[in-house]
Amino acid sequence: MRIRECLTNGVFKVGCWIVSCMCLAGCSGNDGNGSNGEEADSRKPDLGTIVGIDFYEVRRSFDSGLAYDTIGFVQEPEWHVKFTHADSVQIYVPGSDSSFNFAITHDHDSFFHFARESWKVVDLHPDSIMLQRLSLRHLTVDKIRSNVYMRFYSGAHIRNRLQTTIHELRKPRREDSLFVQRQVAKANRNPDNPDSAFASKHFARLVSNSPILQIQRQEVDSLELMGRSSAHNYLYPEYDIEIDNAYKDFYYTFSAVVDQHGKLHLGDFFVMPEFEESRRKVLKGIVEVYLQNLLDITPAHTLGMPHASVIYLRVKGNAVT
């Protein structure tokens, strides 16, 4: 069990965009027009009108219109898709030349299934499409969790009509910057409170400056990523630390807040209530005596703004022999 799951009551789970893209989809029983022999649904968007067009995702946001949420998770546009037929789509893996083909199954109205996800087509034109990612619960749409929207523009529309680049369109908007500023200010006002911290893709970095301390960041492997987002790596950065010549042998797991100046503050830990105060004193001593002095610490930053963020630590001490 990972540290953060030991320290909190909940298990964070977000939609896994890239892992979904890299899974092979099952074959559909639909025919070429996707009708499956059933009566045509007049509300069904005609995917045939956009066949063969390269679409690039330029905006991914929550239903608030923002790309960020209050904990620091960011929705990043990165998909490149092409509907090769009315019942199939090709999705290109970001950062590579690889692509995967998925069958498209029409459900009803404007609801479809592909890439092991469920979608609603909100808007569909040869120049632009918008998809809403749906979260299903017992075959019904969970409206609260179906809150992610993806806007795509065709390559021709970006070049000829908008006369800009995909890179420019994917940049954070002013409303994102203002929101992040508020969250950063809140985190920096309360560096002793892990609940006020703000996570970042540019999470806090810890590097040993002493031969008696070894440190390694834990990476989430591909098996663990199944069913969870790759964002887990930056939302909950974990470090394994081993200290030689310690005052005694010990092993503790706990979280810490790295403030905007790179100072460590003890965060959460699990212990029986009757031992909480004594454990707090021990952990504060380890943080202040060992970690703060034996590590070079770079705070997290978002949109160029340094801020307090939480890290999760496994610290082992080896006594002098």
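This section describes the confidence, sheets, cores and selected contacts of a predicted model.

The mean pLDDT of the protein is 87, and 84% of the residues reach at least 70. Over residues 8-38 the pLDDT is below 50, although this stretch has 65 contacts in the model beyond near neighbours in sequence. Residues 222-227 also stay under 50 in pLDDT, and nine contacts beyond four places in sequence are present for them in the model.

An open sheet is formed by nine strands in the order β4-β3-β2-β1-β11-β8-β7-β6-β5, with antiparallel pairing. Its edge strands, each of which pairs on one side only, are β4 (99-103) and β5. From one strand to the next, the twist averages 35 degrees. Within this order, strand β1 (residues 54-62) pairs with β2 in the antiparallel sense over three bridges. One bridge links F55 to V81, its partner in β2.

At the β5 end, strand β5 (residues 105-108) and strand β6 (residues 111-114) run antiparallel and are joined by three bridges. The bridge partner of T105 in β6 is H113. Two residues lie between the strands of this β5 and β6 hairpin, where D109 adopts a positive phi near 50 degrees.

Strand β2 (residues 80-85) contains F83. The relative accessible area of F83 is 4%, so this residue is classed as buried, the cut-off being under 20%. Beyond its neighbours within four places in sequence, F83 is in contact with L47, I50, V51, G52, I53, S88, V89, I104 and I129. Of these partners, I104 is 21 residues from F83 in sequence, and the C-alpha to C-alpha separation of the two is 9.5 Å.

A further open sheet comprises five strands in the order β13-β14-β20-β15-β16, with mixed pairing. The edge positions are taken by β13 (213-218) and β16, each pairing on one side only. The twist from one strand to the next averages 35 degrees. Strands β13 and β14 run antiparallel and are joined by six bridges; L213 has I243 as its bridge partner in β14. Helix α8 lies across β13, β14, β15, β16 and β20, and runs at about 70 degrees to β15.

In soluble globular proteins, nonpolar side chains tend to be buried together. The largest nonpolar core of the model has 50 residues, among which F254, L291, I311, L313 and V315 touch the most other members. Two or more residues of this core come from each of α5 (174-189), α7 (232-235), β14 (238-246), β15 (250-258), β16 (264-266), α8 (276-294), β17 (295-298) and β20 (309-319). A second, separate core contains 20 residues, including F55, V121, L124 and M150. F55 is also the residue of β1 bridged to V81 in β2.

The contacts of V315 illustrate the packing of the 50-residue core. With neighbours within four places in sequence left aside, V315 is in contact with I241, I243, F250, Y251, Y252, F254, I286 and L291. Among these partners, F254 and L291 are themselves listed with V315 as core residues that touch the most other members, and I243 is the bridge partner of L213.

Conventions. Residues are numbered from 1 along each chain as its sequence is written. This is a predicted model: local features need pLDDT of at least 70, side-chain atom pairs count only at pLDDT 80 or more; totals for chains, interfaces and linings use all residues. Side-chain values use heavy atoms; hydrogens and water are left out. Two strands pair if DSSP finds at least two bridges between them. Helices (H or I, at least four residues) and strands (E, at least two) are DSSP runs, numbered from the N terminus. A nonpolar core is a set of buried Ala, Val, Leu, Ile, Met, Phe, Trp, Tyr and Cys residues joined through side-chain atoms within 4.5 Å. Buried means under 20% relative accessible area, exposed over 50%, partly exposed in between (1.4 Å probe, protein chains only). Contact means heavy atoms within 4.5 Å. Axes are lines fitted to C-alpha atoms, for helices over the stretch in contact, and angles run from 0 to 180 degrees between N-to-C directions. pLDDT is the predictor's confidence in each residue, from 0 to 100.
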